[in-house]
Amino acid sequence: MKQLTRITLNPQVMGGKPCIRGLRVTVGTIVGLMASGHSLSGILQAYPYLEEADIYEALAYAAWRVEEVEIPIKIA
């Protein structure tokens, strides 16, 4: 997977949720808007400070996280 440069995680911004470029727009917001039928152009119009690449990277990040497997470590 290519390096994701537009997704930031900061405990001081939106409780540490993955956000777009440190803005208060979460990956979950973008994915939710797309899932509910909003178009790319509609999202960009509603959030004029976002760029098309931000939306595509949010979707790529979400897809990566869904496929990621977390294995619990048993501490003896």
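**View 1. Arg6 and Glu51 pair up in a salt bridge.** In this predicted model, the closest N and O atoms of Arg6 and Glu51 sit 3.0 Å apart. The two partners come from distant parts of the chain, 45 residues apart. Arg6 belongs to the segment before E1, while Glu51 is in the loop between helix H2 (40-46) and helix H3 (52-67). Their side chains also count as a polar contact, again at 3.0 Å. As for how open the spot is, Glu51 is partly exposed, with a relative accessible area of 39%.

**View 2. Arg6 also reaches Asp54.** Here the side chains of Arg6 and Asp54 form a salt bridge, 2.5 Å from N to O. Arg6 lies in the segment before E1 and Asp54 in helix H3, so this pair ties together parts that are 48 residues apart in sequence. Are these two residues buried or exposed? Arg6 and Asp54 are both buried. The pair shows up as a polar contact between side chains too, at 2.5 Å.

**View 3. Asp54 has another salt-bridge partner, Arg21.** The closest N and O atoms of Arg21 and Asp54 are 2.8 Å apart. Once more the link spans distant parts of the chain: Arg21 is in the loop between strand E2 (19-20) and helix H1 (27-35), Asp54 is in helix H3, and 33 residues separate them. Arg21 is partly exposed, at 33% relative accessible area. Asp54 is a buried residue, because its relative accessible area is 0% and buried means under 20%.

**View 4. A look around Arg6.** Arg6 comes just ahead of some regular structure, in the segment before strand E1 (7-8). Which residues is Arg6 in contact with, leaving aside its neighbours within four places in sequence? They are Cys19, Ile20, Arg21, Glu51, Ala53, Asp54 and Glu57. Two names on that list should ring a bell: Glu51, the salt-bridge partner at 3.0 Å, and Asp54, the partner at 2.5 Å.

**View 5. The salt bridges join into a network.** Now step back and put the pieces together. How many salt bridges does a search of the whole structure find? The count is 3. Arg6, Arg21, Glu51 and Asp54 are linked in a network of them. To trace it, start at Glu51 and go to Arg6, carry on from Arg6 to Asp54, and finish by going from Asp54 to Arg21.

Technical notes: Residues numbered from 1 in each chain as written. Predicted model: local features only at pLDDT ≥ 70, side-chain atom pairs only at ≥ 80, totals over all residues. Heavy atoms only, no water. Helix = DSSP H or I, 4+ residues; strand = E, 2+ residues; numbered from the N terminus. Polar contact = N/O pair within 3.5 Å; in protein donor to acceptor, adjacent residues only side chain to side chain. Contact = heavy atoms within 4.5 Å. Salt bridge = Lys/Arg side-chain N within 4 Å of Asp/Glu carboxyl O. Buried < 20%, exposed > 50% of the residue type's maximum accessible area, 1.4 Å probe, protein only.
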